[in-house]
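Hello,

Here is the structure for you to look over. My notes follow below it.

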Amino acid sequence: MVLSETENGRSGGEEETDAIVKTCVLSGFSESSEVTTLISSLVEVHEDQRVREIVMQRFSVIMNGYQEQPHLLDPHLERMMKMLLDLVRSENSPPSLVHLSFKCLYIICKVRGYKTFMQLFPHEVADVQPVLELMSRQDPEDLQTWETRYMLLLWLSMTCLIPFDLSRLDGHLESDGGKPRESTMYRILTVAKSYLLVADCPRDAASVLISKFMTRPDVKQKCLADFLDWSLTTVSQTDDHSVRDIMALDGVLQSLAKLFKHGKRDDLLQYAPTVLQCLEQKRLSESSEAKPRKLAVKLIQRLGLTFLKPRLASWRYQRGSRSLAANLSMSQPVSDTAPVSEPDTREQDDYDIPEEVETVIETLLVGLKDKETNVRWSAAKGIGRVTGRLPKELADEVVGSVLECFSFQEMDNAWHGGCLALAELGRRGLLLPSRLTDVVPLIIKSLTYEEKRGACSVGSNVRDAACYVCWSFARAYEPKELTPFVTQIASALLITTLFDRNINCRRAASAAFQENVGRQGTFPHGIDILTAADYFAVGNLSNCYLTISVYVAGFPEYTKSMIEHLITMKINHWDGVIRELASEALHNLTPQAPDYMATQVLPQLLTMATGPDLHGRHGAIMACGEVTHALYEVGLQTNRTVVDVISPECVDALKSIHHVLHERKQYRGFGGALMRPAICSLIGKLSLSKMPFKNDPIISAWQWLIDDTIHNLHLFSSGVKGGIIAAVVSALSALCEEYYQDQTGQADPQMQDALVSQYIGGLKSPQTLTRSGSALALSCLPTFMIRGKFKQIFDGLRQMCSVSQMEGNFTEARRDAVRAITLVCVKAGVCAHGRPDSTLCSNNIADVYGVLLSCLNDYTTDSRGDVGAWVREAAVTALMELTMLVARDAPEILSPDLVKPMMCCLAQQMAEKIDRYRAHAGNAFLHLLHSTKPAVPHIPHREELLIILPVETLTSLNWNAPSQAFKYIAQLLGLPEYRYHTLLGLSVSVGGLTESTGHFSSQALFDFLRGIQRDEAALEQFGETLLRIFRDSLHSSRVSTPLLKTLSQMLANSCFEIFATQEDHHFGLDLLNLCKECRKSKDVVKLRACIDAFCGLIQFQGEVRKKVWSQLLMLLCHQFPVIRKATSSEVYEMLLTYDDAVCPEVLDDVMTLLSDTNWESDLATVRAHRNQLCDWLGVPRPRPVAKGTS
């Protein structure tokens, strides 16, 4: 196998990974020996179902690999068929082996195609009777052996090709009993007819058998008329509502179509009118099933060819030289149409066309409009075949009828069928050059055909078929015939290549353009364009719109047509993504034709911007902003302002768009979700273009729109909120930068106070999105607007970050507030001795870090899960960016009291259970640790960390993979400063629900504990840290429940064995007291974890064991039956592990009572059994406490 690999980089303003396109080209049948071995093994494996399935699966996989290059099998087909047929013919082969052999034959046949493969079947006279006998023994109802019947029917169809009369095979038609025996001919016919009516694949093979069998000279004399009568009777009696009848109709129509295809015209002509009449009466074109409609079209076109004499139309167009090299090099003049010897046309003049042909053509034209693609395709091929036998005048009428499909009163199906028919006619030379003036404009329309249907559109199949027409025309006509249409076709194909929404249409247009460049050699700049717009490059939509289009527009032949298409077809497209890309493409194309854009395009867009169509209005408003900004950039190159480039009327129209929409109340409802971001985009672009609107009332109107949009964000659907917020923030930033700054670079005090106060007030809104919008609005304010207001802005954002769960779930708002704090600090800058109300300095840096570190403890959850992770992720990003900023500009204010808690909290986050956030925190930790320009000061244990996490881990360590990450994280437990936070994060991961995370995190934790197993001091420190975490998280189920599970695993793995052997060690007592607090919980999961922990604590000696028994016996009478049952099971398993926990004399009695008692029964019964256990174990009986007593 030869593997060729092509890497295709994507561009277009998007950061995307390079797409790697791999194409596999096979050089030969490399698995030939393996296939031979598999076939040889059938004898041994056919009885063992498991091995048989393995062999057949492998055989199928090998063969299916050659479906795209089946010709590679040709040298080996005969050998494989001989091996399999030897197994079939062998008298020792059981039926299972025979069926298995035929299954292998079918797999080969499916890959290579039955037309090629069936020719290899032996078809001598000696084969007829054995094959027929084997076929007669098959059960048509057996669903497991249909491959056998399929292949036998194909084999039988080949044996029918013997040149001898079948009656010679019959001998004496009397059997030994004296009863007459049926002749071979009628036996074959009976088999074929019976299998035409079945519901599985042998039906298709039976139609092949009919086409071979009924065309024999001896058979057609005796059986053809009767078979046609039977077929037509079957067709007329079938019912469209019966599945069995539909299958029968399918088989009969297939056989008739193949029969009229392979049979001689003289034999079938007398029956053709009757068959056509039957089909007309059946009205199959109105059937609800696609398959009968397709087969009816195939049969009718064959009937039409039967009515017409086989002839090569003398009037057809014939192209001469088709050398690609000649066309590309243009080294020799294009030759004229090659002369061909024309047949004598005198016979044609005397030949009358039967009336039935009109019915055939009418039916095929109706088929071009069918709702199924395969029916339309079959009808198109039929039109081409029939037209090729008609006189020139009638053929031209057919072409005219095909062109009627391209009426805008017709549906997309008719346009698609018309394109397919034109391609067939052109390919066959039946579309004369004189008709190109009528055809080419229709094809140009088809290349951009699109009809909106509801929330989407139809027409991609029409555009694809139009590309096929252009491809076929390139091969059919001499360059001189298409020269008048080159500009139209080339522009239309390029427009489809670059701007079609459907990737298949873009690639089809690219292929058609390439074919025209190669075959015609007249397309302007063809080779250069193909280099940029090849098959792979046009796969990325944004790349087409934003990059390739700019290159192609550099050729003046295509510039204006591309711009016109974007304005007329794409700016008002139903898909918002296309409208946005079209507006950005117009921005990129403006430098290619600035005068045209300023004088022609912009006025058109301004008219559409206030038009009635919502989508057109949306796209035009965005395009107005983009084009204006592009014209401003063009003007900069010649020291002209934007008002020097565009007319005063356009300036006034741009200013008035907002007023028009506001007066029409078009900012409300569904349309408002499109109009508001579009106007915001326009505001941003006009501000960047430095439009002379300073102190103009329009600025206040724009500011009102921005503020009103932020205030009403909650009224829009969730799908558009993100885009609206982004547009508002971008517009506000540009507006402030241009219009709220005086000549000295200072902010307008009045606007500064108004905006800051307004957005800080929005941070207290009851609506989450208004809070988010206000926070992001504060973050986008320029530096001069923040100066003097930093403290006020920060205090507002800090207050929003500290909103508790009790006041409502404002998680998204807190996330955006954290992001806003980062951006505001970055814009304000860092100055060690600066003013707290203007910059980040030594006086306020502790407050900033305090807010961000508190956000790392946001573990808010709701129906969406751990939504607090959004806040934590934003806080991690903020801490990293601000730390790098401060370390670069004022490292002296970065004290150890700030760096230490930050690094510890990052260590906790990178030890937790969610892969994405662990990876984010881990990458931030490594970035801060290994940063040298600037270097972050005061990182605790820097030297040890550099050994644990060397610089190579920046690129090699995949934090998303638990198998890689936790073995590094666990090593931080050996560093005192990081131990608490690392163990806190690890405990949540070890006791979590995710299996892979729990497995690798626990493995890393236990590896660390084994390393300090004999170091009592180190283990003592670890234990103290564990107890401190337990105390701090006692009332937090998020930590305490997984911590109990982690603790149970530690105890089960004897991690604290050195403590357990000591009498009344304080670690066991402290741990027991903490677990006792957890026993009071009502959370079943937590209680079950607590039971496991108690059972693990039984290994501690002395007073701890007695107290553990007391707690477990109390749990045996817990109010929840499930807890009582779980306790009994765990205690039973515990006694199997720690048999010294009970006196040997009562051990058997205790275990028997635990196992035999129904602990889910009522409490009175259970309490008696529990008290018995207390007596045996020497533990005082617990006394129930009356309600109301303390």
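In these notes, Ala, Val, Leu, Ile, Met, Phe, Trp, Tyr, Cys and Pro count as nonpolar, Asp, Glu, Lys and Arg as charged, and the others, Gly among them, as polar. The model is predicted: local features need pLDDT of at least 70, side-chain atom pairs count only at pLDDT 80 or more, and totals for chains, interfaces and linings use all residues. Numbering starts from 1 along each chain as its sequence is written, and side-chain values use heavy atoms, without hydrogens and water.

Cavities first. The whole structure holds six of 30 Å³ or more. (A cavity is a set of points on a 1 Å grid over the protein atoms alone where a 1.4 Å probe fits but cannot get out; lining residues have an atom within 4 Å of a point. Points are joined across faces, edges and corners, and volume is the space filled by probe spheres set on them.) The largest has about 90 Å³. It is lined by 14 residues, with Thr448, Arg463, Asp500, His565 and Lys570 closest to its centre. By class, the lining has five nonpolar, four polar and five charged residues. Helices H26 (486-499) and H30 (556-570) each supply at least two of them. (Helices are DSSP runs of H or I, at least four residues, and strands are runs of E, at least two, numbered from the N terminus.)

Now the annotation. UniProt, in an unreviewed entry, lists a HEAT repeat at residues 360-397; positions follow the numbering used here, names are shortened, and annotations may be inferred rather than shown by experiment. That span is 76% helix and 0% strand, with its end C-alpha atoms 14 Å apart.

Best wishes

How values were computed. On a 1 Å grid over the protein atoms alone, a cavity is a set of points where a 1.4 Å probe fits but cannot get out, and a pocket is an open set with protein on both sides within 12 Å along at least five of seven lines; lining residues have an atom within 4 Å of a point.
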